[in-house]
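Biologist: I would like to learn how to read cores, cavities and pockets in a model. Please take one feature at a time.

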Amino acid sequence: MRPDPDLRRDPVLWLRRVRPRTRLIRMVRRVQRHAPHLLLAAAAAGIAYFLASLAFGPEHAIFAPIAAVVAVGLSAGQRLVRAVEISAGVVLGLVMADVLTRVIGAGTWQLAVAVLLAMSAAVALRASTLMANQAAVAAVFVMVLVPLQDTPPLIRLADAVIGGLVAIGLNAVLAPDPHRVALDTSEQLLDRLAVAYRRLSRALDGRDYPLAERTLADLEQLETSGRDLETAIDATRERITLGRSRTRAAQRRRLRLMEQLAVRAGVMVTSARSTSRAVSTMARHRQHADPALVTALEQLSQALLDLRSWVRGQARMTVIQDQVLRTARMASTILRTGEAAAAEQALAWQVRAACVDILRVLGLSYSAAVAALEDAAGRADRPPT
């Protein structure tokens, strides 16, 4: 089997392997996905500049749009606390740099001292790394721009405060609902996994090696899905804490389902990639596949679609569990006689592992998931008779 290139780490190889039309579609989709955040940052910059211009004049409205764009750009769609931390970091950096320029002036070594002291002040306040970094960025701006302009220090500080307040306000009012972001991320992850298993079923049935390889390459794009989902869940958890008490219980129940998926997201993607490699091996050698394996992969795809409905609260856990156990039983049929090829056996065991992953998402512990699977499809060391 050819070595599996890391397309994510090698952009040149990625550009060669993916067709131009496909690349363009993916780029457009990424822009569409981040469009609310981009529009929010643009609106924050314009509003902050407008307000600062009215207050101090256009020639002094410099730090307001900078602070607004930095705060909104890093916090939009995420936690409100993060927007506050970023804005506070910018203000802290401005204050420290302004004080130092009066005492020691502006220059190369003065810039280094300003960054050190601004970050040290943020760390002393037990702030996050993000706040400390923004304090350092603000200090750099002040040290570089002070020799080039005659804006009074208080106006620079008020500029940054205006920008930070605009960012916090827009993030609280107009930022995308983190619960919706988390739900969309969950659905996209399960949809893409379901599509991958369906394509693997077709590739196995038709001995289509290029299709199996393309599926493996597509699965590389899901490596960060778990982290994205965890970020959205953190934002949702904070929104629930700040929300009304009447709706907290219902929101927490919905959030708990997505949390169970986020914990297993990385393992599920890894299982799908391992399955894709097993299918690629069989397809490359034009090896005949037992129809039971083709059916099992198709059933696994349907189980993931049902899991998506379950995350939305539109499907029952017992229905999905029965579907997963039927899939494991189907894949295990080739293990009963002991006459299956080594590649077929490896694929069957991989399907069983993917079934355990789904059972874990449903809330079963590892021991309970394995016990349920072995009761339905046989033990790992003693296949069903």
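The dialogue below goes from the whole chain to its cores, its cavities and a pocket.

Biologist: What kind of model is this, and how are residues numbered?

Modeller: This is a predicted model, in which local features need pLDDT of at least 70, side-chain atom pairs count only at pLDDT 80 or more, and totals for chains, interfaces and linings use all residues. Residues are numbered from 1 along each chain as its sequence is written, and side-chain values use heavy atoms, with hydrogens and water left out.

Biologist: How many helices and strands does the protein chain have?

Modeller: Helices (H or I, at least four residues) and strands (E, at least two) are DSSP runs, numbered from the N terminus. The protein chain has 15 helices and zero strands. Contact means heavy atoms within 4.5 Å; among contacts between residues at least 6 apart in sequence, 77% join residues at least 24 apart.

Biologist: What share of the residues is buried?

Modeller: Buried means under 20% relative accessible area, exposed over 50%, and partly exposed in between (1.4 Å probe, protein chains only). Of the 385 residues in the protein chain, 44% are buried.

Biologist: Which residues touch the most other members of the largest nonpolar core?

Modeller: In soluble globular proteins, nonpolar side chains tend to be buried together. A nonpolar core is a set of buried Ala, Val, Leu, Ile, Met, Phe, Trp, Tyr and Cys residues joined through side-chain atoms within 4.5 Å. The largest one here has 67 residues, and Leu193, Leu204, Met268, Leu304 and Leu307 touch the most other members. Helices that each supply at least two residues of this core include α8, α11 (245–284), α12 and α14. Another core, of 13 residues, lies apart from it, with Ala41, Ala64, Ala68 and Ile162 among its members.

Biologist: Is Leu304 buried or exposed?

Modeller: Leu304 has a relative accessible area of 2%, so it counts as buried. Leu304 sits in helix α12. Beyond its neighbours within four places in sequence, Leu304 contacts Leu190, Leu193, Ala194, Tyr197, Met268 and Ile358.

Biologist: Which residues line the second largest cavity?

Modeller: On a 1 Å grid over the protein atoms alone, a cavity is a set of points where a 1.4 Å probe fits but cannot get out; a pocket is an open set with protein on both sides within 12 Å along at least five of seven lines; lining residues have an atom within 4 Å of a point. Grid points are joined across faces, edges and corners, and a volume is the space filled by probe spheres set on the points. There are three cavities of 30 Å³ or more. The second largest has a volume of about 60 Å³ and is lined by Leu193, Tyr197, Met268, Leu300, Leu304, Ala354, Asp357 and Ile358. The largest share of this lining, three residues, comes from α14.

Biologist: What does the second largest pocket have in its lining, by class?

Modeller: Ala, Val, Leu, Ile, Met, Phe, Trp, Tyr, Cys and Pro count as nonpolar, Asp, Glu, Lys and Arg as charged, and the others, Gly among them, as polar. The second largest pocket has a volume of about 160 Å³. Of its 10 lining residues, the closest to its centre are Arg352, Ala353, Val356, Val370 and Leu373. By class, the lining has seven nonpolar, no polar and three charged residues. The largest share of the lining, five residues, comes from α14.
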